[in-house]
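Here's a quick walk through a single protein chain, written for someone who likes to know the cut-offs behind every label. Have the viewer open while you read.

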Amino acid sequence: MGRGRVELKLIENKINRQVTFAKRRNGLLKKAYELSVLCDAEVALIIFSSKGKLYEYCSSSSMLKTLERYQRNTNSSTSQSSEIVAFDVEDETYQDYLKLKARAEVLQQNNRNLQGEDLGPLSVNELEQLENQLEVSLKQVRSTRTRYMFDHLTELQQKEQLLREANKSLNKKKMDEDKAEIDLQLSWQAGEQRRQQQVDDHRALQLSWQEGEQRRQQQQMDEHKAEMALQWSWQAAEQQRQIAAYNHHINAAASERFFQPLECSPSLQSGLSNASNMMNSAAPVQNLLGFFPGWTL
């Protein structure tokens with residue numbers, strides 16, 4: 001049983017790659033040597049490893065001579081090869097152009113068929129395939145539209161959620177500001193009430209002081225009136241006592257038939273009003289007894 005064909009691709013394992021490189025390099029150098037010996041050919045082989053290490057073999061005495069010979073031969077054949085290459089490139093370009101043109105015509109025809117035009121030359125199977133293709137395209141369009149609408153709806157829901165959160169935050173901030181304003185207003189009202197209460201208390205205290213002052217003044221006036229009344233009562237009692245003593249003296253003198261009234265009032269009180277009252281009160285008694293004061297004659 002023969003060995004299977006080896007797939008040409010890069011060996012991933014580094015160790016296996018190095019082992020394979022060494023084996024294939026040695027084999028290639030051996031083949032170059034055998035070719036130069038068996039066929040009397042001038043062979044030059046240059047190999048660079050993946051790490052940049054140089055391996056070379058030359059059947060002649062000098063690698064430089066072989067490279068110069070190679071350079072001379074390539075320069076002479078460059079013009080001929082360039083013409084051949086240019087023709088090949090033009091031919092390939094024209095072939096690519098024809099392929100692209102044919103593909104463009106096919107695509108245009110398919111586009112017209114999809115739009116419902118030029119359906120006469122098509123067979124039943126082709127029409128069924130076209131219908132199936134339209135249905136698949138329509139499903140894809142609807143699916144894409146539904147996905148876009150769903151994505152747009154999801155985006156709108158996310159925006160709505162963000163707006164709700166922002167609105168909730170603003171409402172909370174506004175409520176806090178309103179609460180702070182209400183607290184400040186209540187504090188101001190409480191302070192105003194305390195100030196008004198202090199004013200009322202001061203006014204009540206002032207009124208109480210005024211009432212106490214009025215009561216004190218009224219009490220002083222009452223005491224003064226009582227004192228004056230007591231003094232007047234005492235003066236009146238003293239006058240009554242003096243009048244009684246004077247009347248008693250007059251009555252005693254009248255009983256002895258010898259009485260010369262004095263030109264002055266026996267009252268010990270000073271003042272014209274008291275003396276005139278006493279004289280007026282004593283005059284009727286003297287007139288009744290028939291005596292007249294000497295100052296009246």
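## Fold, core and pocket

The protein chain has 5 helices and 2 strands, where helices (H or I, at least four residues) and strands (E, at least two) are DSSP runs numbered from the N terminus. Read from the N terminus, the order of elements is α-β-β-α-α-α-α.

A word on ground rules: this is a predicted model, so local features need pLDDT of at least 70 and side-chain atom pairs count only at pLDDT 80 or more, while totals for chains, interfaces and linings use all residues. Residues are numbered from 1 along each chain as its sequence is written, and side-chain values use heavy atoms, with hydrogens and water left out.

How much of the chain is buried? Of its 297 residues, 9% count as buried; the label means under 20% relative accessible area, with exposed over 50% and partly exposed in between (1.4 Å probe, protein chains only). As for contacts (heavy atoms within 4.5 Å), residues 24 or more positions apart account for 31% of those with a separation of 6 or more.

Here are four residues with their accessibility labels.

| Residue | Relative accessibility | Label |
|---|---|---|
| Cys39 | 52% | exposed |
| Cys58 | 18% | buried |
| Asp40 | 72% | exposed |
| Gln109 | 26% | partly exposed |

On the cysteine front, the structure holds 0 disulfides, a disulfide being a pair of cysteine sulfur atoms within 2.5 Å.

Now for the core. Ala32, Val43, Leu45, Ile47, Tyr55 and Tyr57 form the largest nonpolar core, 6 residues in total. By nonpolar core I mean a set of buried Ala, Val, Leu, Ile, Met, Phe, Trp, Tyr and Cys residues joined through side-chain atoms within 4.5 Å. The elements giving two or more residues to this core are β1 (44–48) and β2 (54–58). In general, nonpolar side chains tend to be buried together in soluble globular proteins.

Two core members are worth clicking on. Ile47 is in contact with Phe21, Arg25, Leu28, Lys53, Leu54 and Tyr55, leaving aside neighbours within four places in sequence. Tyr57 sits in strand β2 and, not counting residues up to four places away in sequence, touches Leu29, Ala32, Tyr33, Ser36, Val43, Ala44, Leu45 and Met63. The C-alpha atoms of Tyr57 and Ile46 are 6.6 Å apart, with their positions 11 residues apart along the chain.

What about open space? The largest pocket has a volume of about 250 Å³. Its lining consists of Lys14, Arg17, Gln18, Phe21, Ser49, Ser50, Lys51, Lys53 and Tyr55. Helix α1 (residues 14–39) gives the largest share of that lining, 4 residues. For the method, take a 1 Å grid over the protein atoms alone: a pocket is an open set of points where a 1.4 Å probe fits, with protein on both sides within 12 Å along at least five of seven lines, and lining residues have an atom within 4 Å of a point. Grid points are joined across faces, edges and corners, and the volume is the space filled by probe spheres set on the points.

One backbone oddity: Asp40, in the loop between α1 and β1, has a positive phi of about 50 degrees although it is not a glycine.
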